[in-house]
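Please keep the model open in your viewer, with the sequence panel beside it, and follow the selections in the order given below.

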Amino acid sequence: VKVYRIHADICCDSTSRTMTIMFEVPGVKPADVNVALSTEPHTRIKQLVVTGNISSPWPLTAPDDIVLSCERKFGSFRRGISIPSGTTLADIKAHLQDGILTVRLPLPPPAIPQEPVQYITVTHGYV
């Protein structure tokens with residue numbers, strides 16, 4: 001079964017200390033989408049995971065039924081977004097309207113002092 005990735009926009013508002021994630025899920029009803037909080041087992045990174053299904057509007061029942069053009073995606077979808085490690089289920093709010101699933105969660109205070117960027121040397125060949 002093929003599962004595709006839905007598009008998302010992510011915005012971090014430093015004034016309200018809020019992360020807002022907007023997912024494109026056209027035609028999906030709240031009952032057809034799942035929003036879950038999980039931890040990746042190998043890296044222990046916390047993720048917001050959105051899954052669901054977009055049903056095809058084409059009831060192809062006869063053998064000669066054909067769709068001449070289909071540019072939209074239908075079927076199962078899944079998208080995982082890394083979120084702050086201290087996030088709990090109670091922190092997450094989700095709302096679906098006009099084909100956009102909006103998820104909001106609080107951001108932790110910024111790290112003080114901010115850690116400098118550290119560069120890794122890239123070598124040729126195998127590790």
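In which sense do E1 and E6 pair, and over how many bridges? E1 and E6 pair in the parallel sense, over two bridges. Strands here are DSSP runs of E with at least two residues, numbered from the N terminus, and two strands count as paired if DSSP finds at least two bridges between them.

Before going further, note that this is a predicted model, in which local features need pLDDT of at least 70 and side-chain atom pairs count only at pLDDT 80 or more, whereas totals for chains, interfaces and linings use all residues. Residues are numbered from 1 along each chain as its sequence is written, and side-chain values use heavy atoms, with hydrogens and water left out.

**The open sheet**

Select E1, E6, E5 and E4, which in that order make up an open sheet of four strands with mixed pairing. The edges are taken by strand E1 (3–4) and strand E4 (33–39), and because each has a single partner strand, one side of each is left without a neighbour in the sheet. As background, strands of a sheet pair through backbone hydrogen bonds, either parallel or antiparallel.

Within the sheet, colour strand E5 (residues 46–54) and strand E6 (residues 75–82), which pair in the antiparallel sense over eight bridges. To follow their register, show Leu 48, whose bridge partner in E6 is Ile 81, and then Val 50, which stands opposite Arg 79 in E6. On the E1 side, Val 3 stands opposite Ser 76 in E6.

**The aromatic pair**

Next, display the rings of Tyr 4 and Phe 77, which form an aromatic pair that is tilted, at 6.3 Å centre to centre and 55° between the planes. The structure holds one aromatic pair; rings of Phe, Tyr and Trp (its six-membered ring) pair if their centres lie within 6.5 Å, with planes under 30 degrees apart counted as stacked, over 60 as edge-to-face and the rest as tilted. Since Tyr 4 lies in strand E1 and Phe 77 in strand E6, the pair ties together parts that are 73 residues apart in sequence.

Are these two residues buried or exposed? Tyr 4 is buried at 12% relative accessibility, and Phe 77 is buried at 2%, where buried means under 20% relative accessible area, exposed over 50%, and partly exposed in between (1.4 Å probe, protein chains only). For contrast, select Val 1 in the segment before E1, which is exposed with a relative accessible area of 99%.

**The E2–E3 hairpin and E8**

Move to strand E2 (8–13) and strand E3 (18–24), which pair in the antiparallel sense over six bridges and form a hairpin with four residues between them. The bridge partner of Ile 10 in E3 is Ile 21. E3 is mostly covered, with five of its seven residues buried, and seven bridges join E3 to strand E8 (residues 100–106), the two running antiparallel. Here, Met 22 has Thr 102 as its bridge partner in E8.

**Two backbone angles to inspect**

Most residues other than glycine have a negative phi. In the loop between E2 and E3, select Arg 17, which has a positive phi of about 55° although it is not a glycine and is partly exposed at 28% relative accessibility. Then select Arg 44 in the loop between E4 and E5, where phi is positive at about 65° and the residue is exposed at 60% relative accessibility.

**The cysteines**

A search of the whole structure finds zero disulfides, a disulfide being a pair of cysteine sulfur atoms within 2.5 Å. Cys 11 is in no disulfide, and the nearest cysteine sulfur, that of Cys 12, is 6.7 Å away, which is too far for a bond. Cys 11 is partly exposed, with a relative accessible area of 47%, and for Cys 12 the value is 47%, again partly exposed.

**The lining around Tyr 4**

Finally, return to Tyr 4 and add Arg 5, Ile 6, His 7, Glu 24, Pro 26, Ile 54, Arg 72, Lys 73 and Phe 74, which together line the largest pocket. A pocket, on a 1 Å grid over the protein atoms alone, is an open set of points where a 1.4 Å probe fits, with protein on both sides within 12 Å along at least five of seven lines, and lining residues have an atom within 4 Å of a point.
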